[in-house]
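Trainee: I should like a close look at a single helix of this chain and at its surroundings. Please place it within the whole before turning to the detail.

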Amino acid sequence: MDVPKKAELPLDAVFVTHAHLDHSGYLPALYKEGYEGSVCATSVTFDLMSLLLRDALKVQSKRGLKLLFMPHDIEKMERLKRIVRFGEEIEIGDALITVHNAGHIPGAVSFVLEAEGKRILYTGDIKFLDTRLVSGAEPHFKDIDIVITECTYSYKNHPDREKLIDRIREIAQETVYNNGILLLPCFAVGRTQELLINLYDLGLPIYLDGMGIDATEIILNHPEYIKNPSELRKAFSKARKVVRPRDRNEAVHNACIIITTAGMMNGGPVSFYMKKLHNKENCSLVTTGYMVEGTVGRTLMDTGRYIADGLDVRPKMHMEFLDLSAHTDHDHIVRFLEKLSPEKIFLVHGEHNPEFEKELKSMGFDAYSPEMGEKMRV
Ligand SMILES: [Zn+2]
């Protein structure tokens with residue numbers, strides 16, 4: 001992924017919608033560049049960012065990549081944090097910012113910025129439908145002039161979520177009863193917890209490996225941001241946590257479900273499991289999330305080849321790539337925009353933005369997909 005262009009300082013404030021690294025990963029670098037102000041986000045977002053940013057730094061260092069920031073930059077961000085809550089209004093100079101649930105992962109928000117007579121909605125990553133983990137975003141915003149919206153899935157609609165969950169439960173039973181292992185690579189934040197909640201009652205052994213363990217503990221410390229904390233607490237307590245290499249070896253010698261990072265299969269414990277399991281016909285691999293082009297998981301999905309850590313193989317495991325997305329889809333985003341009827345729409349965070357821009361224009365919207373680094377005046 002490209003590094004963002006340097007921000008033009010001074011900035012009055014920084015608002016972060018949620019903890020995923022494609023939204024927060026450059027934040028400490030802002031402090032390195034000289035930013036002195038505060039960062040506004042929900043409490044659970046701050047705690048998750050602290051975990052993810054430190055891990056990102058470790059990974060950058062281990063891979064010999066150019067380090068974008070140092071631990072003291074993360075610490076500075078933590079010292080200057082300003083915790084916000086759903087429904088809160090924050091004044092920054094003459095601007096008023098309101099905070100709304102975005103329904104994407106625990107603590108994810110959208111912001112409405114009101115300044116100089118305009119109301120601008122920045123959706124961040126947004127999902128309108130409830131999941132068993134979080135409540136969906138409320139699509140009712142009043143008098144919005146400008147929308148900056150994500151459009152990750154502007155080109156398709158998601159299949160029925162309940163059916164997908166049922167399918168994963170089916171595969172879990174079939175695999176484990178055939179003495180195999182169901183491997184579920186997924187994001188530490190959001191998907192790990194949703195899968196735990198949806199699988200624990202099967203009564204099958206579940207191993208939890210990677211950063212999903214710490215992320216679940218953090219989320220459980222902020223129960224106000226999840227729908228059913230007691231259910232997640234129960235599911236988490238039943239899962240066997242992989243903390244030592246010995247636990248990992250135990251997991252691969254058991255018929256079980258393994259939930260592990262990394263979600264896009266680029267590094268993380270999933271590499272260890274793929275090495276051990278790729279040629280086992282009684283094992284299964286199910287991916288459930290968005291995978292960026294060029295990642296190990298996306299290549300596997302597109303070509304059937306697992307290419308990582310010196311391996312280039314066609315896994316013999318049963319493989320399914322399910323679209324259990326935490327983002328809104330085409331029909332929901334179009335309906336949302338029709339209801340808002342803004343004077344201008346900016347499209348960000350997607351792979352098919354120009355096509356979506358064309359479609360929205362044909363519907364009479366003034367839509368635009370800006371290039372990275374482009375400046376807009378509204
Ligand atoms: Zn996200």
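**Helix H10 in its setting**

Mentor: In this predicted model, the chain of 378 residues has a radius of gyration of 21 Å, which agrees with the value near 21 Å that a compact globule of this length would have. Along the principal axes, the C-alpha atoms occupy a box of roughly 65 × 45 × 40 Å. The chain contains 13 helices and 18 strands, and 53% of its residues count as buried. Of the contacts between residues at least 6 apart in sequence, 69% link residues at least 24 apart. The exposed surface amounts to about 17,900 Å², of which carbon and sulfur atoms supply 49%. As for charge, there are 47 positive and 55 negative charges, and their mean positions lie 6 Å apart.

Against this background, consider helix H10, which spans residues 270-277. Its buried residues are Val270, Ser271, Tyr273, Met274 and Leu277. These residues lie on the same side of H10, because they cover an arc of only 160° around the axis.

The cover over these buried residues includes elements from both sides of H10 in the sequence. Among those with lower residue numbers are strand E9 (181-185), strand E10 (206-209), helix H9 (245-252) and strand E12 (256-260). Strand E13 (284-287) and strand E14 (306-308) also contribute to the cover. The buried side of H10, with Tyr273 and Met274 among its residues, is thus covered by strands as well as by a helix, H9.

How values were computed: Residues are numbered from 1 along each chain as its sequence is written. This is a predicted model: local features need pLDDT of at least 70, side-chain atom pairs count only at pLDDT 80 or more; totals for chains, interfaces and linings use all residues. Side-chain values use heavy atoms; hydrogens and water are left out. Helices (H or I, at least four residues) and strands (E, at least two) are DSSP runs, numbered from the N terminus. The radius of gyration is taken over C-alpha atoms; the globule rule is 2.2 Å times the number of residues to the power 0.38. Buried means under 20% relative accessible area, exposed over 50%, partly exposed in between (1.4 Å probe, protein chains only). Contact means heavy atoms within 4.5 Å. Accessible areas come from the Shrake-Rupley method with a 1.4 Å probe; for residues, only the protein chains shown count as cover. Lys and Arg count as positive and Asp and Glu as negative; His and the chain ends are not counted. The place of a charge is taken as NZ of Lys, CZ of Arg, CG of Asp or CD of Glu. The arc is that of the directions from the helix axis to the C-beta atoms.
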